[in-house]
Amino acid sequence: MTDLTRLSAAQLAEKLSSRQVSAMEAVQAHLDRIGEVDPAINAFLHVNTDEALRVASEVDKERSIGDAMHPLAGVPIAVKDLIVTKGQPTTAGSKILEGWHSPYDATVVRRLRDAKMPILGKTNLDEFAMGSSTEHSAYGPTRNPWDLDRIPGGSGGGSAAAVAAFEAPLALGTDTGGSIRQPGAVTGTVGVKPTYGGVSRYGAIAMASSLDQIGPVTRTVLDAALLHEVIGGHDPHDSTSLTDPVGALAEAARNADVKGLRIGVIKELQGEGYQDGVQARFTEALDLLRQAGADVVEVSCPNFKYALGAYYLIMPSEASSNLAKYDGVRFGLRVVPDGAPTIERVMGATRAAGFGDEVKRRIILGTYALSAGYYDAYYGSAQKVRTLIQRDFDAAFTQADVLISPTAPTTAFKLGEKLDDPLAMYLNDVATIPANMAGVPGISVPGGLADGLPVGIQFLAPARQDARLYRAGAALEALLEDTWGGPLLAQAPEIAGVK
Amino acid sequence: MSTATAEILSFDEAMEKFDPVLGFEVHVELNTRTKMFSSAPNAFGDTPNTNVTPVDLGLPGVLPVINRVAVESSIKIGLALGCKIAEKCHFARKNYFYPDTPKNFQTSQYDEPIAYDGSIDIELADGTVFTIEIERAHMEEDAGKLTHMGGATGRIQGAEFSLVDYNRAGVPLVEIVTKPIVGVGARAPELAKAYVAAIREIVKNLGVSDAKMERGNVRCDANVSLKPKGQEKFGTRTETKNVNSLRAVEHAVRYEIQRHAAVLDAGGTITQETRHWHEDTRSTTAGRPKSDADDYRYFPEPDLVPVVTDDAWIEKLRSELPEPPAARRKRLQADWGYSDAEFRDVVNAGVMDAIEETIAAGVKPATARKWWMGEISRRAKIADVEPAELGVTPALIVELQGLIDAGKINDKLSREVLDGVLAGEGTPTEVVSQRGLEVVSDDGALLEAIDGALAAQPDVAEKIRGGKLQAVGAIVGGVMKATRGQADAGRVRQLILERLGVEG
């Protein structure tokens with residue numbers, strides 16, 4: 001019998017709709033896999049066994065009486081624990097929300113439920129999505145399925161590792177500066193950050209509101225497109241949500257073809273600072289695309305070099321305000337100091353005990369950057385840089401239909417390697433941040449291995465042109481899989497410690 | 001705690017030495033069906049923490065959505081205050097930690113108010129008009145309500161714990177901010193009261209707020225500073241909060257002027273701070289020190305898109321505006337031909353609307369005023385209710401007055417008819433017939449009574465014949481007595497004179 005966990009979501013959906021496989025079987029197979037490997041990976045903070053099986057049984061029942069079902073009905077999914085879910089805990093990877101249950105569902109979760117996709121559980125992340133390694137989770141790090149001594153990227157390391165370790169065919173992530181794409185790159189999976197406003201943020205716990213975006217985490221480009229179509233589209237609960245229809249994304253992935261596609265290589269996102277193996281895989285990918293008929297040109301985005309600096313002003317500024325609500329008054333952790341404490345002391349003690357160091361670091365940075373007398377120099381200047389980055393994109397997209405770069409400058413580093421060096425950690429997102437700053441969509445697809453570890457290739461498209469990502473991404477995926485003789489993840493080693 | 005109550009200078013002395021500068025921030029709670037940024041009901045007096053959604057509690061993951069009706073109400077307020085309306089404006093976050101603020105920031109407008117640069121004419125009781133410049137009117141959300149338990153004062157100091165009700169959190173507010181008001185002198189307290197009354201009247205007239213000060217629908221923060229006579233530079237100001245009645249506004253401004261004057265006169269300096277108004281002692285105490293350096297770390301609210309207005313929308317709203325209260329008063333007074341004193345009495349008695357309706361129902365202006373300022377006001381006073389609450393309808397007045405004009409009843413009888421109508425005995429006509437109140441209009445019956453009265457008082461009859469017409473009253477009185485008041489006194493007088501052959 002086929003190992004159901006090895007199927008792509010599209011393949012599994014096919015087997016479910018043709019009733020070769022029941023949703024109960026599909027969900028149970030993934031729950032078994034989680035039970036087997038997650039003690040080593042730690043991708044899940046909560047496993048939603050009962051509800052997932054209940055939804056699966058409903059799907060099987062409805063399908064047996066011939067009801068029309070969503071194509072992905074019964075295909076299980078994992079949800080990053082930054083996205084609120086009724087009936088399950090939501091922690092944001094923080095002690096300050098330990099034990100908290102949301103009384104409402106995020107819009108994307110409601111859409112999963114409407115499609116009858118069983119939710120397997122909630123995945124680990126850097127606390128409040130602040131980090132690039134998932135080491136900043138208050139609930140322990142997640143490990144990279146390719147090498148358990150290495151990080152799975154972050155902040156969405158849990159979702160990427162769950163998909164890479166075949167614990168789930170699909171997962172949701174959130175991407176503020178690369179938290180979907182960089183974990184995708186270092187785990188050999190696919191990650192998409194949609195156009196800002198393309199997917200509702202309602203129910204995604206905010207880090208930086210003007211940068212955050214929910215997106216798919218999958219093993220294939222087509223799967224990402226299918227999931228994107230489920231979660232995308234206008235939501236009246238999110239004022240920044242676009243009114244555009246979500247578009248024919250799966251169709252774009254199925255009709256992948258780069259013939260005549262103008263692909264712009266971003267001069268500033270390669271070379272120095274990029275690991276040799278990463279650069280080599282990137283160059284090979286360009287060669288393949290060229291051979292397939294793409295028109296590969298070089299474009300320059302001179303202001304991208306300021307993106308990281310500006311990001312580390314805007315993101316913490318917004319975060320400092322977004323995280324003010326965690327004060328022990330209405331929900332979550334409350335720490336009451338001895339004596340007859342004032343409300344200020346309760347709030348202070350709660351936040352001191354509930355937040356980890358990286359969160360505190362960013363709150364302090366952001367509070368400072370917004371302070372009277374510093375606002376213009378910091379937040380104001382950073383917003384100007386944002387405009388310049390937008391202009392760089394505008395200019396580049398007159399020369400190219402999509403842009404391309406390595407997703408991350410290095411492959412997965414070792415646990416603890418950069419924990420004491422925040423700046424080195426921040427540099428991981430140098431290639432992913434510009435897309436968030438400009439609101440444009442991006443995808444990371446597996447680009448091969450360097451020293452046995454996955455490398456990611458990133459495509460970027462103009463805002464609202466997410467379909468181009470699926471077209472280009474699926475084309476590159478097909479070209480590379482031809483050279484590998486199958487999916488990259490087929491080359492992943494067995495997870496150590498698992499029989 | 002506040003320092004010992006400062007001496008206050010007499011108001012007259014304060015005015016001899018100093019010029020007051022005023023400024024007002026009036027918060028108007030809008031009466032939209034739902035809150036500023038959520039679908040929770042905007043309602044007063046419900047069980048605590050029931051009118052809340054995850055958005056109002058600031059739960060993780062929530063996002064605000066702007067209430068379009070609240071924006072329209074805000075634009076209407078701006079237009080009514082003669083303001084310009086911004087083509088595009090943002091909300092901002094005002095960051096501060098306080099438990100009545102669920103997100104620990106207030107979503108408010110900061111550097112881009114929806115309305116700005118307006119003015120409003122305020123007419124004082126003696127007809128003097130002051131123009132007050134409006135700096136801005138901006139949209140924001142209200143905070144929740146804290147109740148401090150276990151202390152003696154109900155204040156946070158000394159309380160054992162505090163309860164918070166988020167029903168009010170997120171209720172739409174418009175904050176109307178004046179420019180500094182100078183040159184008002186001793187009329188400052190009176191102007192303060194009149195200004196807040198005018199704002200309350202405008203928002204009520206627009207229908208955008210319930211405008212009940214006792215419920216906090218209209219709340220005033222009064223800024224006061226003094227400068228020595230002749231000095232240009234403004235003095236240090238205080239902001240008195242919690243001034244929640246028109247009378248309190250007047251008293252608080254007066255008190256702060258006197259307090260500032262005492263401090264300055266003694267060579268002291270005023271601390272820039274908020275002050276709390278206490279209705280019981282009619283005085284203020286020091287609140288939180290406030291300085292221009294208060295750092296709220298404002299930045300544009302990234303969860304909301306800008307509010308964009310266009311001419312068509314604004315003009316549509318402008319066309320829906322009711323006539324401004326001041327203009328309406330001017331028009332009505334002219335239409336009705338009342339003197340200034342008569343009209344002011346009508347306004348103060350709160351019967352202007354009733355008179356307007358009564359006139360529209362077909363009664364002459366002077367007659368309408370006679371009813372509302374006379375009999376109806378008298379009854380209202382006795383019952384201790386507003387005249388409009390007595391249940392007297394314009395149609396009733398039309399019918400009563402019609403009966404009087406037709407000579408069926410007289411003024412005196414009309415009161416008795418009104419008694420019957422208000423007692424539920426039926427329409428005026430029905431009451432007249434049921435109680436047998438119709439005046440005696442049969443001349444034969446009247447002449448019989450007149451002859452009786454003349455015979456009873458032959459000396460008076462003689463005086464009348466001799467030309468002393470004022471003596472007729474005694475005979476009329478006798479006739480009225482004989483007919484139990486059910487005679488038309490005018491007709492009786494006429495018949496008496498005819499009977500005696502005297503020219504009237």
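Let me begin with a term: a helix here is a DSSP run, H or I, of at least four residues, and helices are numbered from the N terminus. The model we are looking at is predicted.

With that term in hand, take α4 of chain A, residues 107-114. What is the sign of phi at K116(A), which follows α4(A)? It is positive, near 60 degrees. Within the helix itself, T107(A), V108(A), V109(A), R111(A) and L112(A) are buried. The buried residues of α4(A) pack against four strands of chain A, namely β2, β3 (119-123), β4 and β6, and also against helix α7.

Those strands belong to an open sheet of eleven strands in chain A. The order is β1-β3-β2-β4-β6-β5-β10-β11-β9-β7-β8, with mixed pairing. At the edges stand β1 (44-47) and β8 (295-299) of chain A; each has a single partner strand, so one side of each has no neighbour in the sheet. Direction ignored, neighbouring strands are turned by 25 degrees against each other on average.

One pair in detail. β2 (residues 77-80) and β4 (residues 170-174) of chain A run in the parallel sense, paired over three bridges. Which residue of β4(A) is the bridge partner of I77(A)? That is L170(A).

Now back to α7 of chain A, residues 221-231. This helix lies across β4, β5 (190-193), β6 (214-218) and β10 (442-450) of chain A, and runs at about 150 degrees to β6(A).

Last, the contact between the chains. Chain A gives 36 residues to the contact and chain B gives 25. The side of chain B that touches chain A consists of 16 nonpolar, four polar and five charged residues.

How values were computed
Residues are numbered from 1 along each chain as its sequence is written. Chains are lettered from A and ligands numbered from 1 in the order in which they are written. This is a predicted model: local features need pLDDT of at least 70, side-chain atom pairs count only at pLDDT 80 or more; totals for chains, interfaces and linings use all residues. Two strands pair if DSSP finds at least two bridges between them. Helices (H or I, at least four residues) and strands (E, at least two) are DSSP runs, numbered from the N terminus. Axes are lines fitted to C-alpha atoms, for helices over the stretch in contact, and angles run from 0 to 180 degrees between N-to-C directions. Two residues are in contact if their C-beta atoms, placed from the backbone, lie within 7 Å. Ala, Val, Leu, Ile, Met, Phe, Trp, Tyr, Cys and Pro count as nonpolar, Asp, Glu, Lys and Arg as charged, and the others, Gly among them, as polar. A residue is buried if 20 or more other C-beta atoms lie within 10 Å of its own, exposed if 12 or fewer, and partly exposed in between; C-beta atoms are placed from the backbone.
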